[in-house]
Amino acid sequence: MENSKVSLKLLIDRSNHKVLFAEAGKEFVDFLFYLLALPVGTVIRLLTKKCMVGSLGNLYDSVENLSQIYIQPNKDKDSLLKPESTWLTQVPLLLTNESQTPISSEKKYYICGCRRHISNDTTTICPSCRQYMNHKVNYTAPPAVNTSSSDEGGFVKGVVTYMVMDDLEVKPMSTISCITLINKFNVSNMGALEEKVVDMTMAEGLELLRASLQSKAVLTSVFLGNTKA
């Protein structure tokens, strides 16, 4: 996982020390879009509580430090601290390492004593016996089915090159859009523009997640080290 990386090409305005935009493929755009599916508890755990802006880190701390005797018997603190999302099994491996809890795609189902119903939530009450359905049962997956060669997985199509702005706005890339953008930024010295290919590893993935919560100049902050952006 630590060797997982995604490449993208930056267009940098050296005179203003700013990334104008990135030319990116499907993998990077999938990564950005799937950030929207991250539960808040997962974001806090990935960035660490001390690095969180505002008070969410303290809220996370409160749940973590709260004794189990104050928690409802049918509730689990990990449902808040380590929430699961089915989307996350498809995210490029840029936000996980061996020191963090792996994201599980395992399906979990529960039954009650009468075994007449099944649920995926331990807080559900059986409509027949009125008991909590909190006895875990094993799930057996059906045999794998061969998917079409056109099924790329992820969220966006891979036949397109995408333009990712410094503030993470994403749009399909075209020659016209590039020219329009350069004019928008009033780039007078074309010689100051530089193309640079970078590899985004787990470290940059975490930094991008952090910067996206704090800055409107995310790519500049992550790849040029401009913390004032």
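What follows looks at the overall make-up of a predicted protein model and then at one residue, Asp166.

Since the model is predicted, local features need pLDDT of at least 70 and side-chain atom pairs count only at pLDDT 80 or more, while totals for chains, interfaces and linings use all residues. Residues are numbered from 1 along each chain as its sequence is written, and side-chain values use heavy atoms, with hydrogens and water left out.

The protein chain carries seven helices and seven strands, taken as DSSP runs numbered from the N terminus (helices: H or I, at least four residues; strands: E, at least two). Starting at the N terminus, the order reads β-β-α-α-α-α-β-β-β-β-α-β-α-α. Of the 229 residues, 36% are buried, meaning under 20% relative accessible area with a 1.4 Å probe, protein chains only. About 14,400 Å² of the chain is exposed, with 51% of that supplied by carbon and sulfur atoms; the areas come from the Shrake-Rupley method with a 1.4 Å probe. Looking at contacts (heavy atoms within 4.5 Å) between residues at least 6 apart in sequence, 59% link residues at least 24 apart.

Asp166 sits in the loop between β5 (162-165) and β6 (170-172). Its relative accessibility is 4%, so Asp166 counts as buried. Beyond neighbours within four places in sequence, Asp166 touches Lys18, Val19, Leu20, Lys216, Ala217, Val218, Leu219 and Thr220. Two of these partners come up again in the side-chain distances: the Asp166 side chain reaches the backbone nitrogen of Leu219 at 2.9 Å, and a polar contact of 2.8 Å ties it to the side chain of Thr220. A polar contact here is a pair of N or O atoms within 3.5 Å; within protein, one must be able to donate a hydrogen and the other to accept it, and residues adjacent in sequence count only if both atoms are side-chain atoms.

How values were computed: Buried < 20%, exposed > 50% of the residue type's maximum accessible area, 1.4 Å probe, protein only.
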